[in-house]
Amino acid sequence: MGSSHGSVAGMVSQITNALTLDWEPEKPADPSPNVEARFPTTSLPLLLHELTHHQCFLSAVGDSLNNLWRISIAATRDPRVEAAAERGEVPDDFRRLMQNFAAGVLVYEPWIEGVALFAEWDAVPGRSEVASKAMTRCHFLHLLSQTDFSPDTAWDRFARELVAARRTGEARARKRNLLSVDLSEGAGHYLAGYLGVRALYRKALSRSALFLDTDFFCSFLTLALFNDPVAAAILMDVDTPYQEWLERLSRRLDNRLDLFDAPDLDRRARQHEAASVTAERVLGPHIEAADSASLLQYAGMIATHRDELLAAHDGHNASVDLAGTDWTRREAAHLGLLMRFRPVYAHATPLDAATVERASKKQRVFIRLRKVHGRAVAGEQDVGLLNAEGRVVARVDKNDRIPDGFACDGATYVLFCYPEQFTFFRVMYVMNETGVMLLGGTYYRQGADPDKSRNALYFNAIMNNERAEYCRELPGGERDTLELADASLAAEEAAAARSVGQDSALGVVLREVDDDRRDELVGRLSPLGVFGWLGRSPRIVEASTLLSLHASDLASSRELRERLLAEEADWDGLTEAIARVRDVEGLELWSEVHADGRAILCPAF
């Protein structure tokens with residue numbers, strides 16, 4: 001299963017939900033965090049992929065998985081659990097915590113990856129008043145790579161460069177690899193999830209022109225699938241027998257997917273948009289208050305706008321068929337789980353508390369842009385980090401408690417970013433088993449001079465994040481617990497959970513196919529991916545890949561044909577292959593959808 005979801009652009013922990021990028025800057029000693037955090041715009045799709053993972057985990061389902069893990073890591077300190085583990089056994093109640101966590105991840109894995117892949121390859125900011133959090137965060141980081149920009153054209157420029165990044169030779173190779181993933185292999189959920197989300201998008205667009213904004217579709221889909229208190233409560237149910245529990249979770253996931261067949265989907269989408277606009281208008285100006293020491297200010301803001309926030313919450317609930325009682329039951333399930341396993345907390349250590357500390361707060365993303373190690377040398381005002389050649393690769397303002405001339409090996413320098421607040425934090429420290437020595441740090445806000453006075457407000461969050469990373473290797477830490485999670489499921493139990501997730505995704509794709517043909521069609525996705533359906537000749541593979549790439553522009557069949565012919569792709573051969581699959585297998589791999597006066601060709605891949 002693994003502890004995180006990631007790509008070559010970064011990694012998102014499904015436990016702490018922290019995003020780690022660790023880019024190498026063009027000018028590592030440059031004093032500007034904008035320059036230090038700069039990255040090639042060709043990485044925009046991959047960055048959007050990772051930010052979408054974060055958005056999915058920052059949800060009711062993500063919180064439930066985190067709750068299961070948090071209790072489990074405390075339980076590893078329980079002498080009863082430790083003694084049983086030494087005998088090669090796991091107490092049933094503790095094992096069930098791990099089962100729910102491991103099986104829950106397997107069930108949702110195709111959708112976790114499917115939404116992120118759709119964001120990576122197809123999502124573009126559009127005309128909706130609402131942009132997804134993943135898109136807005138990606139946009140902010142994109143601005144770092146610009147030496148000059150106009151607020152009036154920044155979004156358009158970002159959208160153009162995002163699309164251009166999907167057209168490079170490297171991107172084409174990655175898309176080809178995605179479409180050829182062997183469904184039976186460990187990465188099969190990537191293909192199943194992407195095909196499932198593509199099929200949902202085709203349904204959604206046929207019912208509401210609002211989904212011409214593909215980024216808005218990502219926002220709505222994430223709300224429907226992941227911010228679901230009913231599924232969250234099921235995940236925390238450790239009493240229902242495992243097989244019955246898995247069936248309940250499967251039925252709930254199917255229920256969420258049925259929303260995209262609802263005849264009133266357009267009304268639901270507009271309700272979601274209106275609720276999001278209200279929430280953003282109320283909460284947006286007060287983001288900083290939520291992160292500062294002034295909790296009273298934040299509490300006052302919530303009280304002042306209580307009615308508006310409740311209306312926005314109710315609007316989101318109504319758009320995806322949720323009731324207030326669903327959230328109440330979810331909270332009851334969480335409380336019941338905590339009370340049942342309350343005794344294990346008596347054995348938890350202070351380090352455990354730091355280990356499970358979330359690196360990001362509610363509705364926030366906490367991104368580590370860069371991390372380097374070296375020798376620290378303190379001057380009069382700052383501390384420099386030297387690499388093995390003795391070259392300064394980073395600087396921070398010195399902590400007043402560090403004497404001039406202080407030097408030590410094994411220092412760590414980190415650059416963090418809060419995108420919504422347009423802020424950066426540089427920090428340098430030395431860490432070992434006894435604790436942390438803070439050597440210095442600098443706080444930046446876009447358009448403002450560096451400010452030392454607020455560093456202390458953020459170093460605690462930074463240190464918690466670093467402790468979490470440090471504790472992964474300790475007994476009872478993240479790696480140990482995740483190994484227990486994998487071991488908690490018997491092979492047939494893991495296969496059943498994986499099948500639920502895969503069937504839910506491919507079930508959307510194959511819904512119109514006769515039952516007696518489904519198993520054969522699924523089987524043909526191994527080992528060639530979609531080319532097991534279309535054919536594996538190089539010309540078909542190339543034409544299919546190009547069609548998949550260009551389809552994100554929501555073009556007509558005529559426009560797509562002209563584009564493929566301009567690149568000397570075999571449009572006629574691809575058309576024949578798709579027709580053959582339709583006539584022989586009953587599977588429609590593309591269809592034209594009419595939305596807002598436009599005819600849009602929507603391929604299934």
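These exercises work through a few features of a predicted model.

**Exercise 1. Check the span of helix 10 against its number of residues.**

Step 1. Helix 10 covers residues 214-226, which makes 13 residues.
Step 2. The expected span is 1.5 Å times one less than the number of residues.
Step 3. For helix 10 that gives 18 Å.
Step 4. The end C-alpha atoms are 18 Å apart, so the two values agree.

**Exercise 2. Describe the surroundings of helix 10 and its N-terminal end.**

Step 1. Count the buried residues: 13 of the 13 in helix 10.
Step 2. Helix 10 is therefore largely enclosed by the rest of the structure.
Step 3. Turn to the N-terminal end, which aspartate 213 caps.
Step 4. A side-chain oxygen there lies 3.1 Å from the backbone nitrogen of aspartate 215.

**Exercise 3. Place histidine 550, decide whether it is buried or exposed, and find its partners.**

Step 1. Histidine 550 sits in helix 24, residues 538-550.
Step 2. Its relative accessible area is 8%.
Step 3. Buried means under 20%, so histidine 550 is buried.
Step 4. Set aside neighbours within four places in sequence; histidine 550 then contacts Arg167, Leu560, Arg563, Leu564 and Glu567.
Step 5. With glutamate 567, the side chain of histidine 550 makes a polar contact of 3.0 Å.

**Exercise 4. State how many disulfides the structure holds, and classify cysteine 138 and cysteine 602 as buried or exposed.**

Step 1. A disulfide is a covalent bond between the sulfur atoms of two cysteines.
Step 2. The structure holds zero disulfides.
Step 3. Cysteine 138 has a relative accessible area of 0%, so it is buried.
Step 4. Cysteine 602 is also buried, at 1%.

Definitions and conventions:
Residues are numbered from 1 along each chain as its sequence is written. This is a predicted model: local features need pLDDT of at least 70, side-chain atom pairs count only at pLDDT 80 or more; totals for chains, interfaces and linings use all residues. Side-chain values use heavy atoms; hydrogens and water are left out. Helices (H or I, at least four residues) and strands (E, at least two) are DSSP runs, numbered from the N terminus. Buried means under 20% relative accessible area, exposed over 50%, partly exposed in between (1.4 Å probe, protein chains only). A polar contact is a pair of N or O atoms within 3.5 Å; within protein, one must be able to donate a hydrogen and the other to accept it, and residues adjacent in sequence count only if both atoms are side-chain atoms. Contact means heavy atoms within 4.5 Å. A disulfide is a pair of cysteine sulfur atoms within 2.5 Å.
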